[in-house]
Amino acid sequence: TVSPNPVFLNGAATANPGASDSTSGLASASCAAVTTSRAGGFTVPCTATDNAGNVANASTNYVVRYQFLGFLSPLPQDSYRPGATIRVKFQLANASGTPLADATAQSLVSACRVKVGLDTASSCSSYDARNDLFQLDVKVPKNTSTGTHQIVVQVLASDNSVVNSA
């Protein structure tokens, strides 16, 4: 297994092979280094050897995510009425909480890897480099029913795997 879980961009993480041998005993067990320098899905290989010389190989999968710092104020709670437009602003960061650098953020936006929407419908987000934030005006469809609805943020890695969903 890989810990911590979740693994954030540029954070410290390790893999544990979780190996055991009740017959001859475990001589060694280790995993390769965990990569956290880019977001996406990864596999880390592990190897275990028992005292009889038997070798077992396995791997574990993990996802490196951006840290979602939350929605920025104001996010008007009363403007979810049909036909309204809601300006949604938020930040994505690395493991230490530092907002993404302009080049990384711009590449996410230019490839439409950051999407924002109401309930399930979504559109590509834009990026404000001056304030280090992502934003999108979400249009509430005129046929939206009364009730509870969610603003959804989804971030995709270059392999189109979902690395964040909030």
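Three strands each supply at least two residues of the lining of the largest pocket: strand 9, residues 114-118, strand 10, residues 121-124, and strand 12, residues 133-139. Before I go on, note that this is a predicted model.

Let me stay with the pocket. It holds about 160 Å³ of space. Its lining has 13 residues, and Leu-118, Ala-121, Val-138, Lys-139 and Pro-141 lie nearest the centre. Which strand gives the largest share of the lining? That is strand 12, with four residues. By residue class, the lining divides into six nonpolar, four polar and three charged.

Next, the pairing around strand 9. Strand 9 pairs with strand 13, residues 151-156, in the antiparallel sense, over five bridges. One position to look at is Val-114, whose bridge partner in strand 13 is Val-155. Strand 13 also pairs with strand 14, residues 162-165, again antiparallel, over three bridges. There, Leu-156 stands opposite Val-162 of strand 14. Strands 13 and 14 form a hairpin with five residues between the strands, and in this hairpin Asn-160 takes a positive phi near 70 degrees.

Now the core. In soluble globular proteins, nonpolar side chains tend to be buried together. The largest nonpolar core in this model has 34 residues, and Tyr-66, Leu-92 and Phe-134 have the most contacts inside it. Two or more residues each come from strand 5 (40-50), strand 6 (55-65), strand 8 (85-93), helix 1 (102-110), strand 9, strand 12 and strand 13. Strand 8 gives the largest share, four residues.

What does Leu-92 touch, leaving out residues up to four places away in sequence? Its contacts are Tyr-66, Gln-67, Phe-68, Thr-98, Pro-99, Leu-100, Leu-108, Val-114, Phe-134 and Val-155. Val-114 and Val-155 are the bridge partners I mentioned a moment ago.

Last, a sheet. Four strands make an open sheet in the order 2-6-5-4, with mixed pairing. Why is one side of strand 2 and of strand 4 left without a neighbour in the sheet? Strand 2, residues 7-8, and strand 4, residues 26-31, stand at the edges and have a single partner strand each, so one side of each has no neighbour there. Strand 4 pairs with strand 5 in the antiparallel sense, over five bridges. Within that pairing, Leu-26 has Asp-50 of strand 5 as its bridge partner.

To recap, strands 9 and 12 come up twice: both supply at least two residues of the pocket lining, and both give two or more residues to the core. That is where I will stop.

How values were computed. Residues numbered from 1 in each chain as written. Predicted model: local features only at pLDDT ≥ 70, side-chain atom pairs only at ≥ 80, totals over all residues. Heavy atoms only, no water. 1 Å grid on protein atoms, 1.4 Å probe; cavity = no way out; pocket = protein on both sides within 12 Å on 5 of 7 lines; lining within 4 Å. Points joined across faces, edges and corners; volume = space filled by probe spheres on them. Nonpolar A, V, L, I, M, F, W, Y, C, P; charged D, E, K, R; others polar. Pairing = 2+ DSSP bridges. Core = buried A, V, L, I, M, F, W, Y, C linked by side-chain atoms within 4.5 Å. Buried < 20%, exposed > 50% of the residue type's maximum accessible area, 1.4 Å probe, protein only. Contact = heavy atoms within 4.5 Å.
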